[in-house]
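Hello,

Here is the structure I promised to pass on. Please open it first, then read my notes below.

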Amino acid sequence: MNLNTKVMKSVNLIYAKIENFFFKKDGNTEFLSFFRVATGLIILLQFMATMPDFEKLFSSNSIIPQDIMNVFTPDWLITIPKVVSFFQSFGIPESTTLAGVKISFITLCVFVIVGFYSRISAFLLLILQIALLKGSSFFAYGADFFTSMSLFYLILFPSDHSFSLRNLLFGNTPEDINITPVKRLFQLHISIAYFFSGLDKILGFNWWNGESIWKAIHLPYSNRDLNIDFTFLAEHSYLLILIGWSTIIIEMFYPFFIWNRKTRKMGLWLTISMHIGIALVLNLYYFSAIMIIWNITNFYFEQPVKETARSPKGYKKATTGRFFLRKLINPLKKEKLI
């Protein structure tokens, strides 16, 4: 075998592995229903939490004047204040428009959750969510951006493929489609996000010496529910260093843990535990919930199924046993004894 043949075989083998990774149909669609329902519920709960202060955030009487917010918003971008102004030109008052926005947002969330044309609902909900987000950019944080990305993936995925109201009402049977390419895109997205988040932390020194952890737990909005006294950490700074380095390792080595079948379960639960800690201590409940949903959606359903098939040795024994059993029964059948 010459060198060119070996090279071509190696290239074909690599190409086959890449093609198999991105396009092999695995038939696992359970994660679609989980992602659709969980994401829809979190978005709905987050929106309901802002309802008491909705006018203070998005109306013309908002805490931060709309003129100031519009400085950082491109003219071509649709925002809620622009929508309000548009309908006011037709004589529709602001209160009516805001009420319509609330009803539309809640209705679209419900459509996503129950699986009633989830792709279209997610698309319209994404437009509405971006209009709310960009119209109040000073109040936005990480959860809002991950919410937009979650809705984007709900558009890419056939999210109402199974266990959906649409199938129930119209008697549709789930189509046999290959969702592996989008799933792999989603998995690579979260892996890259964690890796560069950890890389960014390790480039500085604030996470090495625990300073970032100390600052985070003493932010004005942190530790308001559990109200834990963290003053003891001033005398045990090694705990801050340990937490800081643990965060770096979990995030930076996330792709290595999560793509290895032997360490996937450990990496998954370490990451989820980290986000539970963020939720309880920093009170970032919606951000943590979105990230936990992303982790479970992408890798919990990737857990290998225990093989129940018999080994070749066992299969050989079973085949041999059936052979001798037939040898014994066939003569008896001829004699009509059985």
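**What I found**

In the protein chain, 72% of the contacts with a separation of 6 or more join residues 24 or more positions apart. Please keep in mind that this is a predicted model.

Now the overall make-up. The protein chain has 16 helices and zero strands. It has 338 residues, and 36% of them are buried. About 20,600 Å² of the protein chain is exposed, and carbon and sulfur atoms supply 68% of that area.

Next, the nonpolar cores. The largest one holds 53 residues. Which of them touch the most other members? They are Phe35, Ile80, Phe105, Leu125, Leu132 and Trp294. Helix 2 (residues 30-50) gives this core its largest share, eight residues. Another core lies apart from it and has five residues, including Ile213, Ile217, Leu233 and Leu240.

Look up Phe35 in your viewer. Leaving out residues up to four places away in sequence, Phe35 touches Ser150, Tyr153, Leu154, Phe157, Phe186, Ile293, Trp294 and Thr297. Phe35 also belongs to an aromatic cluster. The other members of that cluster are Phe31, Phe146, Phe152, Tyr153, Phe157, Phe186, Phe287 and Trp294.

On to the aromatic rings. A pair of aromatic rings is described by the distance of the centres and the angle of the planes. The count here is 29 aromatic pairs. Take Phe86 and Phe87. Their ring centres are 5.4 Å apart and their planes meet at 80°, so this pair is edge-to-face; the cut-off for that is over 60 degrees. Phe86 is partly exposed, at 48% relative accessible area. Phe87 is partly exposed too, at 31%.

Now take Phe253 and Phe256. The centres of their rings lie 5.9 Å apart with the planes at 50°, so the pair is tilted. Phe253 is partly exposed, with a relative accessible area of 39%. Why does Phe256 count as exposed? Its relative accessibility is 53%, and exposed means over 50%.

Two rings have a charged side chain over the face. Arg166 sits over the face of Tyr117, 5.5 Å from the ring centre. Lys201 sits over the face of Trp207, 5.0 Å from the ring centre.

Stay with Tyr117 for a moment. Most residues other than glycine have a negative phi. Tyr117 has a positive phi, near 50°. Where is Tyr117? It lies in the loop between helix 6 (94-114) and helix 7 (118-135). Tyr117 is partly exposed, at 34% relative accessibility.

Asn223 also has a positive phi, of about 55°, and it is not a glycine. Asn223 is in the loop between helix 11 (211-217) and helix 12 (237-252). Is Asn223 buried or exposed? Asn223 is buried, with a relative accessible area of 10%.

Last, a length check on helix 10 (residues 180-203). This helix has 24 residues, and at 1.5 Å a residue they should span 34 Å. The expected span is 1.5 Å times one less than the number of residues. The end C-alpha atoms of helix 10 are 34 Å apart, which agrees. The buried residues of helix 10 are Thr180, Lys183, Arg184, Phe186, Gln187, Ile190, Ser191, Tyr194, Gly198 and Lys201. Two of these names came up earlier: Phe186 is in the aromatic cluster, and Lys201 lies over Trp207.

Best wishes

Definitions and conventions
Residues are numbered from 1 along each chain as its sequence is written. This is a predicted model: local features need pLDDT of at least 70, side-chain atom pairs count only at pLDDT 80 or more; totals for chains, interfaces and linings use all residues. Side-chain values use heavy atoms; hydrogens and water are left out. Rings of Phe, Tyr and Trp (its six-membered ring) pair if their centres lie within 6.5 Å; planes under 30 degrees apart count as stacked, over 60 as edge-to-face and the rest as tilted. Buried means under 20% relative accessible area, exposed over 50%, partly exposed in between (1.4 Å probe, protein chains only). A charge sits over a ring if NZ of Lys or CZ of Arg is within 6 Å of the ring centre and within 35 degrees of the ring normal. A nonpolar core is a set of buried Ala, Val, Leu, Ile, Met, Phe, Trp, Tyr and Cys residues joined through side-chain atoms within 4.5 Å. Helices (H or I, at least four residues) and strands (E, at least two) are DSSP runs, numbered from the N terminus. Contact means heavy atoms within 4.5 Å. Accessible areas come from the Shrake-Rupley method with a 1.4 Å probe; for residues, only the protein chains shown count as cover.
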